[in-house]
Amino acid sequence: MDGIEREAMEYDVVIVGAGPAGLSAAIRLKECDPDISVVVLEKGSEVGAHILSGAVLDPVGLDAIVPDWKERGAPVHTPVTRDEFRILGEGGSVRVPNKLMPKLMDNHGKYVVSMGNVCRWLAGVAEELGVEIFPGFSASDLVFGEDGEVKGVVAGVYGLRKDGTPGPNFEPGMELHGKYVLLGEGVRGSLSKKVIARYELDRDSQPQKYGLGMKELWEIDPAKHRPGKVVHTMGWPLNSHAGGGGFLYHLENNQVYAGFVVHLNYENPYVFPYMEFQRWKHHPEVAEVLKGGKRVAYGARAIVEGGWQSIPKLVFPGGALIGCSAGFVNVPRIKGNHNAMLSGIEAAEAAAEALKAGRSGDELSGYEVEVRTGAIAADLKPVRNVKPLWSRFGIVGGVVLGGLDMWVASLTGGTLFGTLDHRKTDAEATGRAKRHQPIEYPKPDGVLSFDRLTNVAYSFTNHAEDQPTHLHLIDPEKPVAWNLPKYAGPSARYCPAGVYEFVHDGENGGARFVINAQNCVHCKTCDIKDPQQNIEWRTPQGGEGPNYPNM
Ligand SMILES: Cc1cc2nc3c(=O)[nH]c(=O)nc-3n(C[C@H](O)[C@H](O)[C@H](O)COP(=O)(O)OP(=O)(O)OC[C@H]3O[C@@H](n4cnc5c(N)ncnc54)[C@H](O)[C@@H]3O)c2cc1C
């Protein structure tokens, strides 16, 4: 690819990403046949370091992969005890009675977990079965075979200088070849993006849609802690300018996850998702829970929202997309871990069958069929119009119509609206600044709300300074020449880690675009929301980025 000679290691299956999808695939491959050789590559410094979910876990995937997970001590201890959905106004809220919610929205029987810890535990299960896991190993490129199939990845390249030349600690990395390569990179994976483009996997699907999810882990006053209580909110502080909502999940040890998702299809370029999250924590009902506590960790990650109609073709010669690399999040349920795990399992079963038949490098079409007709389809199809209805009709109309459609789907298997489309990508949805008003956000108080850079310190993120930037500008002039005058420089606001800045210190007060790549928490929002699609998120060397404790 880049002219560097590398050693190659041969495996039956190479898996990129030690998230719930990748680890489930690895475990199932070994369950199918212990002799299948499997390697999992993870860019985080350890498994779990880059995992950021809510998370209320539907254990259906876990049940399928390790049915005796309770006896084996999985870190899944907190069953949901109370489940509330509230529409917030500025000073209060209206609770939507649980009986008005379709059954599929019910969180009873689910668990509040740290998905990072669940992945650490799954990695242990996989290693016991003989899976090789390489944390701190970024898969930075694809390797193609003679017939155009994906035959492996380049991984473990370290020590390039800023200008791309080898530095004193340079390691060329290696090629890891597999008869099949499963891409479980999560949302907006960089190799997945290349594969989707090369094989035109999204030719017949709707554009993918996204939200930006931000989350803090709080230790709260024990008197206010209700293990297993789950609260979802919609409404304030978001209004017609952006959609989304918040969540408070009480887990164990007096800990609460406070999180907020802003749908990235907002038009007003002055929307500042991070500040919306900070403002939300000042709602009296949220503040009441957090007051007297302390925030111990912060992180952010995009979340896939396109649903059923945005799922691309899943297989390509030599491999498949699994988990959120393909996009299996059930948006109204805000859950994707269960489908990520199921997809990993289904891809693994298809790969094991192909290997048994002596095949390699072809399409795992059995996996595609299973997803389109099995449990994932049953989960996603009934809710396929919810996101388009929210986009078209806003909070009140969208929630009512989306709820109605989910009721119809769960009672009759049909839908009121056929399959609605998403119309535009989130980048295309961004409007010109002149058509919108700037939004005033209150200053963080340092108690409930925090400025971005202070919070980024709680993601324990690091990137070496002297390396090629992983936030690549396709046209370096565009941010100042185009994005600033036309869109008021939205990257300065949509990035939840303060990576992008317009510094006005040039001649005659001219602006400079500064990229503080060391702050990047790998959420991928810039790759998604930049109106011109001018920012390309590339996988940096391994072991960098956030180091989430138990997110
Ligand atoms: C704020 C928020 C709240 C959520 N809440 C919930 C919830 O309550 N319940 C729920 O079920 N789901 C929830 N989700 C969705 C859930 O997080 C995803 O569906 C799930 O993480 C998808 O799993 P995955 O294995 O596909 O990807 P991920 O969990 O993203 O894992 C991908 C892994 O691959 C690694 N990786 C990526 N690229 C490379 C590369 N090139 N080389 C090496 N390693 C790489 C990453 O570092 C990461 O560890 C939430 C998401 C967000 C953002």
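Me: What is the order of the open sheet of three strands, and what makes β3 and β4 its edge strands?

Reply: In this predicted model, the order is β3-β7-β4 and the pairing is antiparallel. β3 (56-57) and β4 (78-79) are edge strands, since each of them pairs on one side only. Each name stands for a DSSP run, numbered from the N terminus, with strands (E) of at least two residues and helices (H or I) of at least four. Residues are numbered from 1 along each chain as its sequence is written. In this predicted model local features need pLDDT of at least 70 and side-chain atom pairs pLDDT 80 or more, while totals for chains, interfaces and linings use all residues, and side-chain values rest on heavy atoms, without hydrogens or water.

Me: How do you know that β3 and β7 are paired?

Reply: Two strands pair if DSSP finds at least two bridges between them. Two bridges join β3 to β7 (residues 111-112), so the criterion is met, and the strands run antiparallel. Within this pair, Val56 stands opposite Val112.

Me: Which other strands satisfy the pairing rule, and in which sense do they run?

Reply: Among them are β1 (residues 7-16) and β13 (residues 174-183), which are parallel and joined by nine bridges, with Ala8 having Glu175 as its bridge partner. β1 also pairs with β2 in the parallel sense, over four bridges, and there Val16 stands opposite Leu41. β11 (residues 158-160) and β12 (residues 166-171), by contrast, are antiparallel and share two bridges, with Leu160 partnered by Pro166. Five residues separate β11 and β12 in their hairpin, where Gly164 has a positive phi near 90 degrees.

Me: What makes a residue part of the ligand's surroundings, and how many residues are there?

Reply: A residue is near the ligand if one of its heavy atoms lies within 4 Å of it, and 36 residues surround the ligand, the closest being Glu42, Ser53, Gly54, Val56 and Cys324. α1 (20-32), β2 (38-42), β18 (294-304) and α7 (337-356) each supply at least two residues of this shell, and β18 gives the largest share, three residues. The shell divides into 18 nonpolar, 13 polar and five charged residues, where Asp, Glu, Lys and Arg are charged, Ala, Val, Leu, Ile, Met, Phe, Trp, Tyr, Cys and Pro are nonpolar, and the others, Gly among them, are polar.

Me: Why can the approaches of Lys43, Gly54 and Val56 to the ligand be called polar contacts?

Reply: A polar contact is a pair of N or O atoms within 3.5 Å. A polar backbone atom of Lys43 is 3.0 Å from a ligand nitrogen, a backbone N or O atom of Gly54 is 2.8 Å from a ligand nitrogen, and a backbone N or O atom of Val56 is 2.8 Å from a ligand oxygen. Each distance therefore falls within the limit. The protein covers 98% of the 1,000 Å² of accessible area (Shrake-Rupley, 1.4 Å probe) that the ligand has on its own.

Me: What makes Gly54 to Ala55, Trp236 to Pro237 and Glu200 worth a look in the backbone?

Reply: Most residues other than glycine have a negative phi, and most peptide bonds are trans. The bond from Gly54 to Ala55, however, is cis, with omega near -5 degrees, and Ala55 lies in the loop between β2 and β3. The bond from Trp236 to Pro237 is also cis, with omega near 5 degrees, and Pro237 lies in the loop between β15 (229-235) and β16 (244-250). Glu200 has a positive phi near 50 degrees and sits in the loop between α4 (190-198) and β14 (210-219).

Conventions. Polar contact = N/O pair within 3.5 Å; in protein donor to acceptor, adjacent residues only side chain to side chain.
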